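This briefing is meant to be read with the sequence and the model side by side. Please look through both before moving on to the points that follow.

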Amino acid sequence: LVGVDTDGHVLTSADVGDTWQDLAILPMQPMALAADGSRIAVLAGGTVFESTDGGMTFTERITGIQGH
């Protein structure tokens, strides 16, 4: 499982949510998250951040999204 909290902490769980590991912290409050395998995308503050290493690092992919 992959999740993100309101403080921007990206979390993963390997045991169906019993325990969570904090992987990264995004610089803005997240609004949406999508995950597919080790690829994770998060919308935060008008920017889409992408991780291709399971949430260990994130790169800005799309910026300047209006209304978010």
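**Salt bridges, strands and sheets**

In this structure, the side chains of Glu 50 and Arg 39 come together in a salt bridge, with a nitrogen-to-oxygen distance of 2.5 Å. Glu 50 belongs to strand β6 while Arg 39 belongs to strand β5 (residues 39-44), so the pair ties together parts that are 11 residues apart in sequence. The model is a predicted one, and the points below take up its salt bridges, its two sheets and one buried residue in turn.

**The salt-bridge network**

- The count of salt bridges comes to two, and Glu 50 takes part in the one with Arg 39 as well as in the one with Arg 61.
- In the pair formed by Arg 61 and Glu 50, the closest N and O atoms are 2.7 Å apart.
- Because Arg 61 lies in strand β7 and Glu 50 in strand β6, this pair ties together parts that are 11 residues apart in sequence.
- Arg 39, Glu 50 and Arg 61 are thereby linked in a network of salt bridges.
- Glu 50 has a relative accessible area of 11% and is buried, because buried means under 20%.
- Arg 39 is exposed, with a relative accessible area of 52%, and Arg 61 is also exposed, with a relative accessible area of 51%.

**The sheet of four strands**

- Four strands make up an open sheet, in which the order is β4-β5-β6-β7 and the pairing is antiparallel.
- Strands β4 (30-36) and β7 (59-62) stand at the edges with a single partner strand each, so one side of each is left without a neighbour in the sheet.
- If direction is ignored, neighbouring strands of this sheet are turned by 25° against each other on average.
- Strand β6 (residues 47-51) runs antiparallel to β7, and three bridges join the two.
- Within this pairing of β6 and β7, Val 48 stands opposite Ile 62 in β7.

**The sheet of three strands**

- A further open sheet consists of three strands in the order β1-β2-β3, and here too the pairing is antiparallel.
- Its edge strands are β1 and β3, each of which pairs on one side only.
- Neighbouring strands of this sheet are turned by 25° against each other on average, again with direction ignored.
- Strand β1 (residues 2-4) and strand β2 (residues 9-12) run antiparallel and are joined by three bridges, and Val 2 stands opposite Thr 12 in β2.
- Between β1 and β2, which form a hairpin, there are four residues, and Gly 8 in the turn has a positive phi of about 90°.
- On the other side of the pairing pattern, four bridges join β2 to strand β3 (residues 21-25), and these two strands run antiparallel.
- His 9 stands opposite Ile 25 in β3.

**A buried residue in strand β2**

- Is Thr 12, which is found in strand β2, buried or exposed? Its relative accessibility is 19%, and Thr 12 therefore counts as buried, since the cut-off for buried is under 20%.
- Which residues is Thr 12 in contact with, leaving aside its neighbours within four places in sequence? They are Leu 1, Val 2, Thr 19, Trp 20, Gln 21, Leu 23 and Gly 54.
- One of these contacts, Val 2, is also the residue that stands opposite Thr 12 in the pairing of β1 with β2.

How values were computed. Residues numbered from 1 in each chain as written. Predicted model: local features only at pLDDT ≥ 70, side-chain atom pairs only at ≥ 80, totals over all residues. Heavy atoms only, no water. Pairing = 2+ DSSP bridges. Axes fitted to C-alpha atoms, helices over the stretch in contact; angles between N-to-C directions. Buried < 20%, exposed > 50% of the residue type's maximum accessible area, 1.4 Å probe, protein only. Contact = heavy atoms within 4.5 Å. Salt bridge = Lys/Arg side-chain N within 4 Å of Asp/Glu carboxyl O.
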